[in-house]
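Reader: I am new to this structure and should be grateful for a close look at a single part, the largest pocket and what surrounds it. Which residues line the largest pocket?

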Amino acid sequence: MKQNSHLVLCVDDEQIGLEVRKILLERAGYRVLTASNGPAGLEVFSAEPVEAVVLDYSMPGMHGGEVAARMRQAKPQVPILLLSAYIGLSADVTDVVDLYMTKGEGAPILLEKLSSLLDPVSTS
């Protein structure tokens, strides 16, 4: 079987949101790994050849900004898309990730933004 789909890691403490996102991404052709908190996400991130991360901001113990900063130290080339219910996160959080979006923007925008991170197309 030819493997041409990207491997994406989704990290979110909300189990239902995590499962819905996994199904959405798999239907779009991605291979998906999941983690239910920051420390578990960091373990998967370091152990697997992850090509992109979809990361929730608001998680107990370690928020998405902290997780993203640690991921950047380990594999700075891997793009990170941060999801949040909050609008206007501080620059010290948004500067660490490649893209930031609110959860309210919806599935089509999530797929569009993830695709732009994994398959950048020249506009010239």
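Author: The answer begins with the pocket, turns to one residue of its lining, and ends with aromatic rings elsewhere.

The model is predicted, so local features need pLDDT of at least 70 and side-chain atom pairs count only at pLDDT 80 or more, while totals for chains, interfaces and linings use all residues. Residues are numbered from 1 along each chain as its sequence is written, and side-chain values use heavy atoms, with hydrogens and water left out.

The largest pocket is lined by G17, V20, R21, L24, L83, M101, K103, G106, A107 and L110. A pocket here is an open set of points on a 1 Å grid over the protein atoms alone, where a 1.4 Å probe fits, with protein on both sides within 12 Å along at least five of seven lines; lining residues have an atom within 4 Å of a point. Its volume is about 170 Å³, taken as the space filled by probe spheres set on the points, which are joined across faces, edges and corners. Helix α1 gives the most to this lining, with four residues, and both α1 and α5 (107–118) supply at least two residues each. Helices (H or I, at least four residues) and strands (E, at least two) are DSSP runs, numbered from the N terminus. By class, the lining has six nonpolar, two polar and two charged residues; Ala, Val, Leu, Ile, Met, Phe, Trp, Tyr, Cys and Pro count as nonpolar, Asp, Glu, Lys and Arg as charged, and the others, Gly among them, as polar.

Of the lining residues, R21 may be followed further. R21 is placed in α1 (residues 15–27) and is buried, with a relative accessible area of 11% (buried is under 20%, exposed over 50%, partly exposed in between, with a 1.4 Å probe and protein chains only). Leaving aside residues up to four places away in sequence, R21 touches C10, D12, V54, L83, K103 and L110, contact meaning heavy atoms within 4.5 Å. L83, K103 and L110 also appear in the pocket lining.

Turning to the rings, a search of the whole structure finds one aromatic pair. Y57 and Y86 form this pair edge-to-face, at 6.3 Å centre to centre and 90° between the planes (rings of Phe, Tyr and Trp, the last by its six-membered ring, pair if their centres lie within 6.5 Å; planes under 30 degrees apart are stacked, over 60 edge-to-face, the rest tilted). Because Y57 lies in the loop between β3 (52–56) and α3 (64–74) and Y86 in the loop between β4 (80–84) and α4 (91–94), the pair ties together parts 29 residues apart in sequence. Y57 is buried at 16% relative accessibility, whereas Y86 is partly exposed at 45%.
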